[in-house]
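Thank you for making time this morning. I would like to walk you through one protein chain, slowly, and I will ask a few questions on the way that I then try to answer.

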Amino acid sequence: KKSVFNKLNESKIKVLCNLIGIYFDNAIEAAVETKKKSVSLEIYEINDGIKIVISNTFKQSENFEKRNERGVTTKGQGHGNGLYYASNLISRNNWLETSQEVIEDFYIQNITIKN
């Protein structure tokens, strides 16, 4: 059986790498500001797809609910475009799904690659 990763063409791999880069960069930056400083990456093959889970400790900010909007940031001027760019990538690629959840002091970003 061929892995879902092996079925991805070069343009899909590029989109996936961009997304993982944005989410992982944000996870590291958020975790640095906490006591635990925890970041984890998990990859599961599920049904006919793959689920990538990035979890990190974080401090909830005032503009947390607006985090996917352009220019919204906790990092100061010149930041705040990563999650907006990621949202645009997701909307243009129906083979991907993302979801986020907060469990206690962990922010969890899910990326699902649909086959």
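Let me begin with Y107, which counts as buried because its relative accessibility is 11%, and I should say at once that the model we are looking at is a predicted one. F58 is buried as well, with a relative accessible area of 11%. By the rule used here there is one aromatic pair, and its members are F58 and Y107, whose rings meet edge-to-face, with 5.8 Å from centre to centre and 65 degrees between the planes. Where along the chain do F58 and Y107 lie? F58 sits in the loop between β2 (49–57) and α2 (82–91), while Y107 belongs to strand β4 (residues 106–113), so that the pair links distant parts of the chain, 49 residues apart.

Let me step back to the chain as a whole. Its secondary structure consists of two helices and four strands, and if you read along the sequence you meet them in the pattern α-β-β-α-β-β. There are 115 residues, of which 32% count as buried, and the accessible surface comes to about 7500 Å², with 48% of that belonging to carbon and sulfur atoms. If we take the contacts with a separation of 6 or more, 55% of them are between residues 24 or more positions apart.

Which residues have the most contacts inside the largest nonpolar core? That core has 19 residues, and the ones with the most contacts inside it are L16, L19, Y23, W95, L96, I111 and I113. The elements that contribute two or more residues are α1 (10–32), β2, α2 and β4, and the largest share, six residues, comes from α1. Y23 is a good residue to click on here, and, leaving aside its neighbours within four places in sequence, you will find Y23 in contact with I54, L83, A86, I90, T98, Q109 and I111.

Now please turn to S55, which lies in strand β2. Is S55 buried or exposed? S55 counts as buried, because its relative accessible area is 8%, and the cut-off for buried is under 20%. If we do not count residues up to four places away in sequence, S55 touches S38, V39, S40, E42, F106, Y107 and I108, so Y107, the residue we started with at 11% relative accessibility, appears again in this list.

Next, the charged side chains, where the count comes to one salt bridge. The side chains of K114 and E97 meet in it, at 3.4 Å from N to O. K114 lies in the segment after β4 and E97 in strand β3 (residues 96–103), so the bridge ties together parts of the chain that are 17 residues apart in sequence. K114 is partly exposed at 37% relative accessibility, and E97 is also partly exposed, with a relative accessible area of 42%.

There is also a nonpolar patch on the surface, formed by F5, L41 and I43, which together have about 270 Å² of accessible area. Of these, L41 is found in strand β1 (residues 39–46) and is partly exposed, with a relative accessible area of 44%.

Let me finish with G82, a residue of helix α2 that is partly exposed at 28% relative accessible area. How far apart are the C-alpha atoms of G82 and N26? They are separated by 8.3 Å, although the two residues are 56 residues apart along the chain.

Definitions and conventions:
Residues are numbered from 1 along each chain as its sequence is written. This is a predicted model: local features need pLDDT of at least 70, side-chain atom pairs count only at pLDDT 80 or more; totals for chains, interfaces and linings use all residues. Side-chain values use heavy atoms; hydrogens and water are left out. Rings of Phe, Tyr and Trp (its six-membered ring) pair if their centres lie within 6.5 Å; planes under 30 degrees apart count as stacked, over 60 as edge-to-face and the rest as tilted. Buried means under 20% relative accessible area, exposed over 50%, partly exposed in between (1.4 Å probe, protein chains only). Patches are made of residues with over 30% relative accessible area and no salt bridge: like charges are joined within 9 Å, nonpolar side chains (Val, Leu, Ile, Met, Phe, Trp, Tyr) within 5 Å. Accessible areas come from the Shrake-Rupley method with a 1.4 Å probe; for residues, only the protein chains shown count as cover. A salt bridge is a side-chain nitrogen of Lys or Arg within 4 Å of a carboxyl oxygen of Asp or Glu. A nonpolar core is a set of buried Ala, Val, Leu, Ile, Met, Phe, Trp, Tyr and Cys residues joined through side-chain atoms within 4.5 Å. Contact means heavy atoms within 4.5 Å.
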